[in-house]
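Grab a pen and let's work through a few exercises together. Try each task yourself before you read the solution.

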Amino acid sequence: MPLLLIGCGGKDPEGGGELPPPPTPVNPGGGGGDKPGETHPWDANRGKVVRPQAGNGWTVTPVEDGITYYAFEGTESVSGAKQHVYVTDIDMSKPYAVKLVYNNPTTTASKVFAKENAIACINGGYERAALYLKVNGTTISTITASTIGTTGVPQWKSEAAIYLNQDQDVRIEFTGKDMTLDQWRTTYTERAKKENTFMTSAPMLIDDFEPVGEQFCDKHPKSSYIDKDGKDSNSENPYVHQGSNSNPRTAIAKTEDNHVLFIVVDGRRSGFATGISAKNLTKFLVKNFNPQYALNLDGGGSSTMCVKGLGDPETNVVNYPCDNRSEPGKDGSPQETSGPDHAGQRPRDTFFVVVKK
């Protein structure tokens, strides 16, 4: 059973806060279960508020009352690599709403950010055919594809979901844990009868403090997902997709003290922003923010964050999207010529925004 915490409860050298050492489980090394009285290493994280402090690579910027922007730049200790990480922390006890926005045709994060008069915005879900998606009472997609695009890789992208009422109610749940594709469809169809807005995604990173994202690739062995050519190295293979330490990532999380976190990690930029695996993103979040729940969203060239008053003066994009790294961006931006820029946003159809109520 893996330990969640770096060290033994001391101050983290990169300002990640303090957590006590985990308790000894009742049945160390035994099968986990939910036996009465059983404890787990992650139980020590309950009730602990953890946020980075400025310094050691971190900057901390107040955005609005109850909204704080955290940025990390440098060699990050979990992955041991150069990283650029961006986190917008929203206190949901303040008068803010978190909303899921759907666009057809697709558009960019900065355009949604401006249209919604948002304080922060991140990209949302994978391709629509891979998701169960309902927005403002209208069901848009029901996991229509059994494989991912034309790859032949079996569908894996809907094991969990984020549920919203387009206001202050934000819930991240491991709804489809250990289910088959048909069970996902049935289960989410039932949830759609009572939920106003929700979107599925994968992998679940943290489930009631349990760092399930650390085991995602173990649960999805590489050879179990063969593409149409009979190969297990396809980039859509979940073992490859989530095990890669070069990909940008986007995630959303919620803390025990009712804060919602928007998270983006840059990647695919050797020596500048390496990227991170789902396993290491899980560890990074536990160490620096200790969320109770966290869910991975669409990453790669889609990963984009906008924050009011920060980043690019025209778009407020704070990270360095990689879609125009080696060719003109799909948003029409020119190819980078002198290093990372804030252009290269990939048009997508779902976004999360935070707005004033």
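Below are five exercises, each with a worked solution.

Before you start: this is a predicted model, where local features need pLDDT of at least 70, side-chain atom pairs count only at pLDDT 80 or more, and totals for chains, interfaces and linings use all residues. Residues are numbered from 1 along each chain as its sequence is written, and side-chain values use heavy atoms, with hydrogens and water left out.

**Exercise 1. Work out how compact the protein chain is.**

Step 1: Take stock of the parts. The protein chain has five helices and 16 strands (DSSP runs numbered from the N terminus: H or I, at least four residues, for helices; E, at least two, for strands).

Step 2: Compare two numbers. The radius of gyration, taken over C-alpha atoms, is 19 Å, close to the 21 Å that the globule rule gives for 357 residues, so the protein chain is as compact as a globular protein of that length. That rule is 2.2 Å times the number of residues to the power 0.38.

Step 3: Add the burial. Buried residues make up 55% of the 357, where buried means under 20% relative accessible area, exposed over 50% and partly exposed in between (1.4 Å probe, protein chains only).

**Exercise 2. Find the edge strands of the five-stranded sheet.**

Step 1: Write down the order. It is β7-β6-β10-β8-β9, an open sheet with antiparallel pairing. Two strands pair if DSSP finds at least two bridges between them.

Step 2: Look at the ends. β7 (138–142) and β9 (170–173) each have a single partner strand, so one side of each is left without a neighbour in the sheet.

Step 3: Zoom in on one pair. Four bridges link β8 (residues 160–164) with β9, and Ala 161 has Glu 173 in β9 as its bridge partner.

**Exercise 3. Do the same for the four-stranded sheet.**

Step 1: The order here is β4-β16-β5-β15, again an open sheet with antiparallel pairing.

Step 2: β4 (96–107) and β15 are the edges, so each has one side without a neighbour in the sheet, since each has a single partner strand.

Step 3: Check the β4 partner. β4 and β16 (residues 348–356) run antiparallel and are joined by eight bridges; Leu 100, for one, is matched with Phe 352 in β16.

**Exercise 4. Explain why Cys 121 and Cys 306 don't form a bond.**

Step 1: Recall the chemistry. A disulfide is a covalent bond between the sulfur atoms of two cysteines.

Step 2: Apply the cut-off, which is a pair of cysteine sulfur atoms within 2.5 Å. The sulfur of Cys 121 is 5.4 Å from that of Cys 306, its closest cysteine sulfur, and that's too far for a bond.

Step 3: Try another cysteine. For Cys 322 the nearest cysteine sulfur is also in Cys 306, 15 Å away. A search of the whole structure finds zero disulfides.

Step 4: Check the surroundings. Cys 121 has 0% relative accessibility and Cys 322 has 8%; those values count as buried for Cys 121 and for Cys 322.

**Exercise 5. Is Ser 302 buried or exposed?**

Step 1: Locate Ser 302. It's in the loop between β14 (293–296) and β15 (305–307).

Step 2: Read off its relative accessible area, which is 1%, so Ser 302 is buried.

Step 3: List its contacts (heavy atoms within 4.5 Å). Leaving out residues up to four places away in sequence, Ser 302 touches Asn 123, Arg 346 and Arg 348.
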